[in-house]
Amino acid sequence: MALRFEDDFLKKLEYLHVVSRRSFAGQNRADRLARKRGRGLEFADHRGYSPGDDFRHIDWKAYRRLNRLLLRLFDEEQDLPIYLFVDTSRSMSEPVKFDQARRVAAALCYIGLAHLDRITILPFDGRLGQENVPGRGKGRIFRVFELLERLESGGDTDLRETFKQFAGRTRQQGLAVVISDFLDPHGFEPGLKTLSAMGHDVFVVHVASQADRDPGALGEARFVDLETGERRDIEVTPALAEAYREAWNEHASELERFCGRYDLGYVRADAEEPFEDIVLKTFRKGRFLA
Amino acid sequence: MSFGAMAAWQAALLLLAAGGAAAALFYLKVRPPRVHVASLLLWRRVLDQRRELTWWERVRRAVSLAATVLVAVALALAVARPGPRAAAASRGRLLIVLDSSWSMTARLPGGGTRWERAVAQARALAASAAGDPVAVATTADGLVEGPTTDSALIETALGTLSPAGGEGTAWPRAGGTDRVHFFTDGAVGRPLDPDVIIHAVHAPAPNVAITAFAVRPAATPDTPAEAYLEIDNYSDEAREVRVTVSRGTAVVFDEPVTMAPGEAIRQVMPLDPAGDARLRARVSSEGDALAIDDEAVAWFVEADPLDVAVVSADPGALALLLERTPGARASYLAPAGYAPDAVAAADVVVFDRWAPPQAPERPALLIAPSDVPWLTGDRPAELQPRWTDAGNHPVLGGVDPLSLDIVTARDVGDALDIVARSAAGTALVGVADERARRLVAFGFSLPDSNLAFSPAFPVLVPNALEWLARPWLSTVRRPGPVLLPGSVTRIVTPEGRPLALRQAGDQVLVTLPAPGLYLVESGAARSVIAVNVGDPDVSNLSQSHLDESVRAAASGNVPGGRPWWLYAVALAFVLAAVEWGTWLRRVTV
């Protein structure tokens, strides 16, 4: 799959920011305001001089007026750590679905790189895959493309195990974006709860395809689970197909309700929807991008 | 119970096998298609729910099984065609004869035509034959099908038949027939055996018809010919009739006429030789029950003159005669200038006291021909031959031989059919009516006889020319099967379609399908013949030659038009289509 985007689309992406509902301490200077005061350009406040402070920050004009030594404080502008979890389990192996997930990941990477955020790409299936840090600056987007293009689907889905492994590595808190179909036999709740409990601002991108949502009236068919290989002969009548559609809608609503309850961002990215619409409209509507 | 084409045990076996096979196929487990899904998680959730089955979901499998078996059984029934056996004992062979005269196309007051009613009744009769051999015949086509016990063959034959005239054809026969049923309207009277069972399909109906339309010599010297048209109103009430006569594309007469009940109108129209030779008359009247007699055609021969090429060193009186013969256009050349190409466009070539070395390709009149190889045989001459009997050949029609005084005559040879001989046996007039050549030969010349001054002269020569160039001109034909001489090579319909000619002995049989002008080719001669119904027996739909008691028995209730097994096949197809459609939508299994 070619992940290259057209120039017009990339320009539109450059105007977007990944929005985190919380501020996180970054490591490097960047575009994003940090909670701490620092060496930014934006004046923030004064405080009394303490021995050892840098003389260069003393506000001499204030000293003339008030006869007190005051130090000028500036907002610190730092980068945002963004963790992109991309589901590569076999349930995502349907090409249209997997491609959509990788495109979304690539677009978010580009937005982050354009604003000097620190991107970490974490493919996962039943376990967390090798993490990839493409670096800073939008020039690194081609590394991201290559990396995403190399991804292959395989393995089971186990969100809890994945995020437990993630928690086991020393991490700076940041924005965690999970791109998955959330068809986890163990349930998506434990995993997302774990991720949220780690103090990250979690954002859920629910990828689904038409085949996931609606099996159609197939008649008698042998269904094979792509992840477990389990087989089941089912006679899909119109009524049963309707029941399945309802079950899927319930699954999606359940995920959305869960995200609402735990203050996690939720966006649905249907594989058949135009990708540009998802990034430029759906993500902004979901206040994930601004 | 009887079966169309098989024994009872065979039919029962077929039904059981078909039903059993359908049920077995229904229960046959086919390998379901494999569908790879991202996860069975949601399917498990759906299937683990205790979902109450709807009434249809509970019965649909049984309904599908019943429909499948019903399709198979319906098809098997259509093949077996069971029916009630009318009598335990066989009643023998049955011959069904349908009257195919044109009056059978008349519409009935209750809808449909006499023919349709006859076919429906014949079907019912054939179905009741219950295993007895049945044959189907029409008065026009003779035996069409059978005798056979296969009712499907009879059904098919009845479905393909249509009225085709044949009012004068022979009564159809089938060997070993025990019963003969005749379905007729009685419009055309026929002598019938007393044991023929007549089924009347007659019902009086109004009709206005053209009963005569022809070109005939004019009664006055102003015009050479006139068209004669006769129209009859065979109704119980006055009718508004529009009469239209056209010549080629030009309308020469177009008038509305009010005709009293039973009234006949006769109209004469003078004809100018200059103009189109095609004449067409048409009547239209609201509520007319028969359409085929509403139109008639005629051919005005004087409007289509003959091209006559005369090969003679001295035409003399012959030239004078041809000059005064209406409808003839003569051209002359000397024997030395003769070549087949020179007369290729002529309708008739006249060779006067000379004959070409090769037999002519065009129709030819040979007057005292010289010796040539193709006129074979000993050709003795006879002085003062006596000719007393004119014979009945068309060439000699109207000729009084006693008015002729022949000085010397020479036998025309044995290569021709002799139509007139002298008392001593010398062949005086011979003809050849063959596919390859058309000839008339006189054994005497004008200088060797008083023919040029005889009343027979303006009759004999035009007769010969007409017979040579237009052999069928005077023939009045009706649509239907007709027998024509074997020399006829081709007949073309008014639409330009050649008709199939069937050899029947030394004649050809052809069926003229409808009224109109037909082109008949015979050797190099071409004639146009007018074919019209023009028969009061056919057109008078109120009359019937049937006895009153037979007519009274004509039932207004027409039995079902189609055999029931056709509905069985239709039911099978409908069920199969419904099953297929609902299966595709997973409504049934």
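Reader: In this structure, how are α1(A) and α3(A) oriented to each other?

Author: The model is a predicted one. In chain A, the axes of helix α1 (residues 7–14) and helix α3 (residues 95–114) come within 9 Å and cross at roughly 55°. Angles from 65 to 115 degrees count as roughly perpendicular and those under 35 as roughly parallel, and the crossing angle of roughly 55° belongs to neither range. The two helices, α1(A) and α3(A), are therefore oblique to each other.

Reader: Which residues of α1(A) and α3(A) make the contact, and how do they divide by class?

Author: α1(A) passes α3(A) in a right-handed crossing. From α1(A) the contact draws on L10(A), L13(A) and E14(A), while α3(A) contributes A107(A), Y110(A), I111(A) and A114(A). By class, the residues of this contact are six nonpolar, no polar and one charged.

Reader: How many helices and strands are there in chain A, and what percentage of its residues count as buried?

Author: Among contacts in chain A between residues at least 6 apart in sequence, 77% join residues at least 24 apart. Chain A has nine helices and nine strands. Of its 290 residues, the share that counts as buried is 39%.

Reader: Is Q210(A) buried, exposed or partly exposed?

Author: Q210(A) has its place in helix α7 (residues 210–213) of chain A. Its C-alpha atom is separated by 9.2 Å from that of K97(A), although the two residues are 113 apart along the chain. A residue is buried with 20 or more other C-beta atoms within 10 Å and exposed with 12 or fewer. Because Q210(A) has 14 other C-beta atoms within 10 Å, Q210(A) is partly exposed.

Reader: Which element gives the most to the side of chain B that touches chain A?

Author: The contact between the chains takes 31 residues from chain A and 19 residues from chain B. On the side of chain B, β2 (34–37) and α2 (41–48) each supply at least two residues. By class, that side has ten nonpolar, three polar and six charged residues. The element that gives the most to it, with five residues, is α2(B).

Reader: In which sense do β7 of chain A and β2(B) run, and which residue of β2(B) stands opposite R222(A)?

Author: Strands of a sheet pair through backbone hydrogen bonds, either parallel or antiparallel. Strand β7 (residues 219–225) of chain A is joined to β2(B) by four bridges, and the two strands run parallel. Opposite R222(A) in β2(B) stands R34(B).

Reader: How are α1(B) and α3(B) oriented to each other?

Author: In chain B, helix α1 (residues 8–27) and helix α3 (residues 55–80) have axes that come within 8 Å and cross at roughly 155°. Angles over 145 degrees count as roughly antiparallel. The crossing angle therefore makes α1(B), relative to α3(B), roughly antiparallel.

Reader: What is the handedness of the crossing of α1(B) and α3(B), and how do the residues of their contact divide by class?

Author: The crossing of α1(B) and α3(B) is right-handed. Residues of α1(B) in the contact include L14(B), A18(B) and F26(B), and those of α3(B) include L65(B), V69(B) and V79(B). The residues of the contact divide into 17 nonpolar, two polar and no charged.

Reader: Which residues are the bridge partners of V243(B) in β14(B) and of A281(B) in β15(B)?

Author: Strand β14 (residues 278–285) of chain B pairs in the antiparallel sense with strand β11 (residues 239–247) of chain B over seven bridges. β14(B) also pairs, again antiparallel, with strand β15 (residues 295–299) of chain B over five bridges. In β14(B), the partner of V243(B) is V283(B), and opposite A281(B) in β15(B) stands A296(B).

Reader: Which strands are the edge strands of the open sheet β25-β28-β27 in chain B?

Author: This open sheet has three strands with antiparallel pairing, and its twist averages 40° from one strand to the next. Six bridges join β25(B) to strand β28 (residues 507–512) of chain B, and L484(B) has V508(B) as its bridge partner in β28(B). The strands that pair on one side only are the edge strands, β25 (480–485) and β27 (502–504) of chain B.

Reader: How many helices and strands are there in chain B, and what percentage of its residues count as buried?

Author: Among contacts in chain B between residues at least 6 apart in sequence, 68% join residues at least 24 apart. Chain B has ten helices and 30 strands. Of its 589 residues, the share that counts as buried is 42%.

Key. Residues are numbered from 1 along each chain as its sequence is written. Chains are lettered from A and ligands numbered from 1 in the order in which they are written. This is a predicted model: local features need pLDDT of at least 70, side-chain atom pairs count only at pLDDT 80 or more; totals for chains, interfaces and linings use all residues. Axes are lines fitted to C-alpha atoms, for helices over the stretch in contact, and angles run from 0 to 180 degrees between N-to-C directions. A crossing is left-handed if the near helix is turned anticlockwise from the far one by less than a right angle, and right-handed if clockwise. Two residues are in contact if their C-beta atoms, placed from the backbone, lie within 7 Å. Ala, Val, Leu, Ile, Met, Phe, Trp, Tyr, Cys and Pro count as nonpolar, Asp, Glu, Lys and Arg as charged, and the others, Gly among them, as polar. Two strands pair if DSSP finds at least two bridges between them.
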